[in-house]
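Have your viewer ready and switch to a cartoon view with side chains available on demand. We will go from selection to selection, with a short note on what to look for at each stop.

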Amino acid sequence: MSRGKLALFGGERHIKEKLKPYNSIGEEESEAAVQVLKTGVLSQFIGAHDKDFLGGPKVKEFESACCEYFGVKHAITVNSWTSGLIAAVGSLDLNPGDEIIVPTWTMCATATAIIHWNAIPVFADIEIETFNIDPNSVVKLISPRTKAIMVVDIFGHPADFNALKKIADEYNLKIISDTAQAPSAIYQNSFASTKSDIGGFSLNYHKHIHTGEGGVLITNDDNLAQRMQLIRNHGEAAVSGMQIDNIANILGYNFRLGEIECAIGIEQLKKLDKLVKSRQRLATILTKGLKGLVGLRVPIVKPNCTHVYYIYPLILDIGILGVSRKNIINALNAEGVEGLMNGYANIHMLPMYQKKIAYGNQGFPWNSEISEREINYGKGICPNAERLHDETFLGYQMCLHELSDNDAYSIVEAFKKVWDNIDALR
């Protein structure tokens, strides 16, 4: 079946109307925000040992709702997920020069949260199937200085937690789960974010649910929860009144989320299951429609896992197609498919990492046990992630649009039209 000449070369554009922007905010959130405004109390935190050290009524209500939803003992709201990652890493009682293994295929803040505490990010490669951190790569990177593994449930699919937990137990490491893109993804009958020592998700404006900016940390560890609460709220001014023996890294910040944001978050959390199911239904339409296209790999969902599709990830077989990713994206854009990604992330290739870092006694004279060691951030250390980013990964940002089923079918037809005319792109 011929679908006509490509719009890129003068044919009719397949998707004629712009897709509707994603918006999970409704009347419930508006009313909740107005009710907070009427009280005049937009924040109730006190940065000292005080009854309001843990925030006001909406902060506590939202945190309680998160505890109930995820089935955890503690939830700590923060003003961004970047702040959450900084608090999580700081809670681990690190020394300068300690190492945390982190995937290179993620947002830059995942690694800079480590650097914030004078620790060293060591970049691991990813699995081709799920784009998550590869346990085999992790094992090869462990050193006497390794203290934790940072797991990122990228695009909405959980990482291989059982394999990672086995490694962590063997080497006495903590695990932090960055589930910014996968707030309710399931791994073996539990929320993926609850498997680690610390988990959490983002409330940034283009996530499944949001409060504009914000994040939520979750843990079942009383000590880690207290440390993160202290880091969130000027801990050095509050710690003297609390029962805490080890005050290392209790350097406090204003990472507090306000009452309006938490009121919105309460309403958003109620919608999470429905929004995720909608995203999964749309992804099923895309997968059924695209899986027969030669040279295109649709998302893989591992057994006993669910995918929540922050991004719908595809891989191109450039050898079979004989067409560059750039040319395919240009053709799809011309047909009206918006939100395609030309690669994703290789954090180890950012300019700040392009010199080898050497550290040792000279760099950290207060710790004579640190021996000299070099960390390589050069090209070639993460071959899977590098090839995906440079050549073969094609992501569709489902987070950007409020798609109907018809929109999903139209996207499938646009892809098929491009594939019908693949020879014209060579």
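Helices here are DSSP runs of H or I with at least four residues, numbered from the N terminus. One thing to keep in mind throughout is that this is a predicted model.

**Stop 1: A33 and its helix**

Select A33, which has its place in helix α1. Is this residue buried or exposed? With a relative accessibility of 15%, below the 20% cut-off, A33 counts as buried. Show its surroundings and, leaving aside neighbours within four places in sequence, you will find I260 and I264 in contact with A33. For a sense of scale, draw a C-alpha to C-alpha distance from A33 to I176: the two are 32 Å apart in space and 143 residues apart in sequence.

**Stop 2: α1 against α8**

Now select residues 27-39, helix α1, together with α8; their axes cross at roughly 155° and come within 8 Å. The two helices are therefore roughly antiparallel to each other, and α1 passes α8 in a right-handed crossing. To see the contact, display E28, E29, A32, A33, V36 and L37 on α1, then E259, I260, A263, I264, E267, Q268 and K271 on α8. Colour this α1–α8 contact by class and you get seven nonpolar, five charged and one polar residue.

**Stop 3: along α8 to α12**

Keep α8 (residues 259-290) on screen and add helix α12 (residues 405-420): the axes are 9 Å apart, at an angle of about 25°. This makes α8 and α12 roughly parallel to each other, with α8 passing α12 in a right-handed crossing. Which residues make the contact? From α8 come R281, L282, I285, L286, G289 and L290, and from α12 come D405, A408, Y409, I411, V412, F415 and K416. By class, the α8–α12 contact has nine nonpolar, three charged and one polar residue.

**Stop 4: the parallel sheet**

Next, pick out the open sheet of four strands, which pair in parallel in the order β3-β2-β4-β5. At its edges are β3 (120-124) and β5 (174-178); each has a single partner strand, so one side of each is left without a neighbour in the sheet. Turn the view and follow the twist, which averages 25° from one strand to the next.

Zoom in on β2 (residues 99-103) and β4 (residues 146-152), which run parallel and are joined by three bridges. Here I101 stands opposite I149 in β4. Then add helix α3 (residues 81-90), which lies across β2, β4 and β5 and runs at about 175° to β5.

**Stop 5: β11 and its partners**

Select residues 312-316, strand β11: five of its five residues are buried, so the strand is largely enclosed by the rest of the structure. Show the side chains to see Y312, L314 and L316 pointing one way, with P313 and I315 pointing the other.

Add strand β10 (residues 296-297), which runs antiparallel to β11 and is joined to it by two bridges. The bridge partner of R297 in β11 is I315. Strand β15 (residues 393-396) also pairs with β11 in the antiparallel sense, over four bridges, and there I315 stands opposite F393.

**Stop 6: β8 and β9**

Finish with strands β8 and β9 (residues 215-219), an antiparallel pair with four bridges. S202 stands opposite G215 in β9. In β8 (residues 199-202), G199 and F201 point one way, G200 and S202 point the other, and all are buried.

Key: Residues are numbered from 1 along each chain as its sequence is written. This is a predicted model: local features need pLDDT of at least 70, side-chain atom pairs count only at pLDDT 80 or more; totals for chains, interfaces and linings use all residues. Side-chain values use heavy atoms; hydrogens and water are left out. Axes are lines fitted to C-alpha atoms, for helices over the stretch in contact, and angles run from 0 to 180 degrees between N-to-C directions. Angles under 35 degrees count as roughly parallel, over 145 as roughly antiparallel, 65 to 115 as roughly perpendicular and the rest as oblique. A crossing is left-handed if the near helix is turned anticlockwise from the far one by less than a right angle, and right-handed if clockwise. Contact means heavy atoms within 4.5 Å. Ala, Val, Leu, Ile, Met, Phe, Trp, Tyr, Cys and Pro count as nonpolar, Asp, Glu, Lys and Arg as charged, and the others, Gly among them, as polar. Buried means under 20% relative accessible area, exposed over 50%, partly exposed in between (1.4 Å probe, protein chains only). Two strands pair if DSSP finds at least two bridges between them.
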